[in-house]
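Good morning, colleagues. Please take a moment with the sequence and the structure before I begin.

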Amino acid sequence: MTLYGLDNLPYGVFSVDGGRRRIGVRVHDDVLDLDAAEAAGLIDARGALRTPTLNAHMAQGRAAWSAVRARVRELARAGDGTLVPLADCELHLPFQVADYVDFYSSAWHASNVGKILRPNQPDIPENWWHLPIGYHGRAGTVTVSGTPIVRPWGQRRGDGGPAFGPSTRLDIEAEVGFVVGTPTRLGTRVPVSGLADHVFGVVLVNDWSARDIQAWEYVPLGPFCGKSFATSVAPWVVPLEALAHAWTPAPAQDPPVLDYLRADEHLGLDLSLAVEWNGTRVSRPPFAGMYWTPAQQLAHLTVNGASLCTGDLFASGTVSGPQREEVGSFLELTAAGPVRLADGSLRTFLEDGDTVSITATAPGPDGTTIGFGEVTGTVVKTA
Ligand SMILES: O=C(O)/C=C/C(=O)CC(=O)CC(=O)O
Ligand SMILES: [Ca+2]
Ligand SMILES: [Mg+2]
C-alpha cells in the first residue's frame, strides 16, 4: 500500500550527516529537498522554504500553502529536484511549537478515565457535553519522534501523605494534533467554519502521562507535572489539503451545543490509528468517533479572544473507541488486567526500555491511503 504518494506529500525537517536543517517533503521512501528546490529557483515561497522550521511557510496562509503544495506535486511527479533517501535523513521537530493545548474529546476515553479516577462521581461531568474540555500543556517539551522518554520523578499519593520517586504508572495517550499556520490578533475569535483558514496540517501525538503523579496533583487545576515532562510528535505534518477525502460526519451532539460551536457541516476525520507496544499491536483507536471536532476545538480555543500564533499545536485528546482493543491509553487497556505482549511478557504500565509506536492512515482520493509516519519513543531510566 502506498502511503506517501503524490496525494499525501507531508512536510518535515531533515538533515544529513549533521548538516543544516532543511525543509523537505516525503515522497515514498525519499525526501524531496525543498530548501534546495527554492535555492535552485524550482519553487518560490519568498524564501520561506530556506529556513530550518516550517513556521515561516505556515505563516504565509492558505493560498500560499495551496500554491506551494501544487508546485511540490509537479516537481514530485516530474522527478525534478533533489531526492534524499529517507534512510539517510535525520528527522527533526518540523515546526517550532508556540503554545500547546490538549483537549479531551473522546466520550469513551472520558468515561473510562472518569470511572477509574473518580469512581464515586458521574463518569463524565456535565460541562463535558457543552464544551471541548482541555488544558494548556508545555510547548517547550514537545519533542520529535525517537527522542528518548526519561521516566519522570514526582509526588504520588502515599500512606498518610505523598510518596516521591520515579513514576510507577507511566502511560501513553494516542492523539491527533493540529498545527496552526495563520495567526490571529488578540481579542478576535475564529468561527467554527475557520479551521481550513488557520490549520496548516495534522501530526500524530503521544501525550506521555504519569498516572500516579497526575492522580495526586490534578485537583483542582488539572494536569501539571504528570504530563509536562515530554510530548512526542511524528516528524511529518500532513497538509490539511491532503485530507480532503477523509472528512466524515461526526457523532450527533445531544444536548445541542451553543451557536459558536454549531457547524453547518459537523465533520470529523476518518483516521485509523494503531498502537504498538514493543512491537505488539495492542490497539486500533478510531478517530472518526471523536465527539468534539477540530473545528469546534479551534472555535472554543479562541472564543474568549485568545490569539493564535503560528506554530500553536492543539491535540485532540486521547483517541479511544468503544472496544477494549480501540483505546488510546494503557490506563484503559489494562484496567481489567495486564496485556500479554508477543514475547510472552505481561504489562500494565510502561517499563524502562519499552518502546511505543503510534501510526495512522486516512482515506485519500481514488482509493489511495494517506500515511502519517509514526510517533515513537523508548522509556529510559531516570539518570
Ligand atoms: O479525566 C481526567 O482527569 C484526566 C484525563 C486525562 O488524562 C486525559 C487527557 O490528557 C486529555 C485527553 O488526552 O483526552
Ligand atoms: Ca492527553
Ligand atoms: Mg504531554
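Throughout this talk, two residues are said to be in contact if their C-beta atoms, placed from the backbone, lie within 7 Å. Please also keep in mind that this is a predicted model.

I shall start with the annotated site. The UniProt annotation "binding site", taken from an unreviewed entry, covers Asp102, Glu173, Glu175 and Asp207. These residues span 106 residues in sequence, yet no two of their C-alpha atoms are more than 10.8 Å apart, so they gather at one spot.

Let us consider two of them in turn. Glu173 sits in the loop between strand E12, residues 170–171, and strand E13, residues 174–180. Is Glu173 buried or exposed? A residue is called buried if 20 or more other C-beta atoms lie within 10 Å of its own. Glu173 has 25 C-beta neighbours inside 10 Å, and therefore counts as buried. Setting aside residues up to four places away in sequence, Glu173 touches Asn206, Asp207, Ser209, Thr318, Gly328 and Ser329.

Asp207 likewise belongs to a loop, the one between strand E14, residues 199–206, and strand E15, residues 209–210. With 26 other C-beta atoms within 10 Å, Asp207 is buried. Which residues does Asp207 contact, leaving aside its neighbours within four places in sequence? They are Asp102, Glu173, Glu175, Lys227, Thr231 and Ala315. Three of the names in that list, Asp102, Glu173 and Glu175, also appear in the "binding site" annotation from UniProt.

I turn now to the domains. The chain is divided into domain 1, residues 11–92, and domain 2, residues 100–380. Their C-alpha centres lie 28 Å apart. The contact between them takes 14 residues from domain 1 and 16 residues from domain 2. On the side of domain 1 that touches domain 2, strand E1 (11–15), helix H2 (55–58), helix H3 (62–78) and strand E5 (90–92) each supply at least two residues. The largest share, 4 residues, comes from H3. By character, the residues on this side of domain 1 divide into 6 nonpolar, 5 polar and 3 charged.

Next, the interior. The largest nonpolar core has 97 residues, and those with the most contacts inside it are Val179, Leu204, Val237 and Leu243. Strand E14 provides the largest share of this core, 6 residues. Where does the core lie with respect to the two domains? Both domain 1 and domain 2 give residues to this core, so it lies between them.

Leu243 leads us on to a sheet. Not counting residues up to four places away in sequence, Leu243 touches Val202, Val238, Leu269, Ala362 and Ile370. Of these, Ala362 stands opposite Ile370 in E26. Strand E25, residues 355–363, and strand E26, residues 369–380, run antiparallel and are joined by 8 bridges. They belong to an open sheet of 5 strands, in the order E9-E26-E25-E20-E21, with mixed pairing. Strand E9 (149–150) and strand E21 (280–283) stand at the edges, each with a single partner strand, so one side of each is left without a neighbour in the sheet.

Finally, a helix. In helix H7, residues 294–301, 8 of its 8 residues are buried. Among them are Pro294, Gln296, Gln297 and His300. What covers the buried residues of H7? The cover includes strand E6 (100–103), E13, helix H5 (195–198), E14 and strand E22 (313–315).

Note on methods. Residues are numbered from 1 along each chain as its sequence is written. Chains are lettered from A and ligands numbered from 1 in the order in which they are written. This is a predicted model: local features need pLDDT of at least 70, side-chain atom pairs count only at pLDDT 80 or more; totals for chains, interfaces and linings use all residues. UniProt positions are given in the numbering used here, feature names are shortened, and annotations may be inferred rather than shown by experiment. A residue is buried if 20 or more other C-beta atoms lie within 10 Å of its own, exposed if 12 or fewer, and partly exposed in between; C-beta atoms are placed from the backbone. Two strands pair if DSSP finds at least two bridges between them. A nonpolar core is a set of buried Ala, Val, Leu, Ile, Met, Phe, Trp, Tyr and Cys residues joined through C-beta atoms within 7 Å. Domain bounds come from an automatic or database domain assignment. Ala, Val, Leu, Ile, Met, Phe, Trp, Tyr, Cys and Pro count as nonpolar, Asp, Glu, Lys and Arg as charged, and the others, Gly among them, as polar.
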